[in-house]
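Visitor: Could you show me how to read a structure like this one? I would like to start with the general ideas and then see each case.

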Amino acid sequence: MKLILLGPPGAGKGTQAERLVKKHGIVQLSTGDMLRAAVKAATPVGLKAKEVMDRGELVSDDIMVKIIEDRTGEPDCANGYILDGFPRTIAQAEALEALMARHGTALDAVIELRVDDEILAERIETRARETGGARADDNVETLRKRLEVYHGQTAPLVSFYSERGMLKSVDGMQSIDEVAAEIDALLQESATA
Ligand code: ADP
């Protein structure tokens with residue numbers, strides 16, 4: 001199974017991805033985690049990405065597409081994966097589509113977690129307080145910037161995937177368990193459709 005989890009920062013993608021990993025025996029590919037690991041290891045990509053990430057802006061499409069192309073080609077991805085944090089732009093989505101077509105594979109579904117901006121602002125402030133700056137980009141100002149970038153560059157993916165009949169939207173303001181149950185039901189539907 002190959003899935004995309006789409007949604008603004010603070011929507012709960014990581015939480016749901018973790019659960020889907022256990023349930024379906026697939027791997028979670030979080031581009032945010034990959035980039036943070038690259039920053040920590042001071043690789044060439046990490047050195048380039050650090051300041052962009054700290055500002056809450058997006059790392060270039062070229063770099064991201066290359067990372068995903070390499071990672072999805074590894075053996076542990078053969079059984080499927082969940083993309084969490086990728087694609088984030090139309091260009092990335094188009095590159096992914098081309099890449100998958102080249103490999104004779106396709107996405108099963110794109111799951112959108114919908115959360116209102118006011119709720120996100122609250123979650124974002126709580127998260128910034130609780131993590132106490134554990135992540136350099138987890139302060140209120142950068143998180144607001146990330147939300148703005150989401151609306152400008154990533155939200156257009158909702159129509160992109162909706163036009164392709166792949167989009168499944170879930171109300172992300174319910175409890176974690178309720179969101180999980182709704183995702184499971186939608187995936188069941190698409191498996192039997
Ligand atoms: P979030 O907490 O919003 O889910 P992530 O952990 O996914 O954030 O990503 C953190 C940062 O890493 C982003 O703000 C961005 O700078 C960079 N990043 C992650 N994935 C991508 C991507 N697909 N394209 C461009 N930049 C990315």
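The conversation below goes through the sheet, the helices and the ligand.

Guide: Welcome! This is a predicted model, where local features need pLDDT of at least 70, side-chain atom pairs count only at pLDDT 80 or more, and totals for chains, interfaces and linings use all residues. Residues are numbered from 1 along each chain as its sequence is written, and side-chain values use heavy atoms, with hydrogens and water left out.

Visitor: In what order do the five strands of the open sheet lie?

Guide: Strands (E, at least two residues) and helices (H or I, at least four) are DSSP runs numbered from the N terminus. Two strands pair if DSSP finds at least two bridges between them. Here the order is β2-β3-β1-β4-β5, with parallel pairing. The edges are β2 (27-30) and β5 (167-171), each pairing on one side only.

Visitor: Which residues are bridge partners of Glu112?

Guide: Glu112 of β4 is the bridge partner of Ser169 in β5 and of Leu6. Five bridges join β4 (residues 109-114) to β5, and four join β1 to β4.

Visitor: Is β4 mostly covered or mostly open?

Guide: Buried means under 20% relative accessible area, exposed over 50%, and partly exposed in between, with a 1.4 Å probe and protein chains only. In β4, five of the six residues are buried.

Visitor: Which strands does helix α1 lie across?

Guide: For helices, contact means heavy atoms within 4.5 Å. Axes are lines fitted to C-alpha atoms, for helices over the stretch in contact, and angles run from 0 to 180 degrees between N-to-C directions. Helix α1 (residues 13-24) lies across β1 (2-6), β2, β3 (81-84) and β4, at about 175° to β3. Helix α9 (residues 176-192) lies across β1, β4 and β5, at about 160° to β5.

Visitor: How many residues surround the ligand?

Guide: A residue counts as near if one of its heavy atoms lies within 4 Å. By that rule 19 residues surround the ligand, and the closest are Thr31, Glu57, Gly85, Gln92 and Arg146.

Visitor: What do polar side-chain atoms of Thr31 and Gln92 lie close to?

Guide: A polar side-chain atom of Thr31 lies 2.8 Å from a nitrogen atom of the ligand, and one of Gln92 lies 2.9 Å from a ligand nitrogen. For Arg36, a polar side-chain atom is 3.0 Å from a ligand oxygen.

Conventions
Polar contact = N/O pair within 3.5 Å; in protein donor to acceptor, adjacent residues only side chain to side chain.
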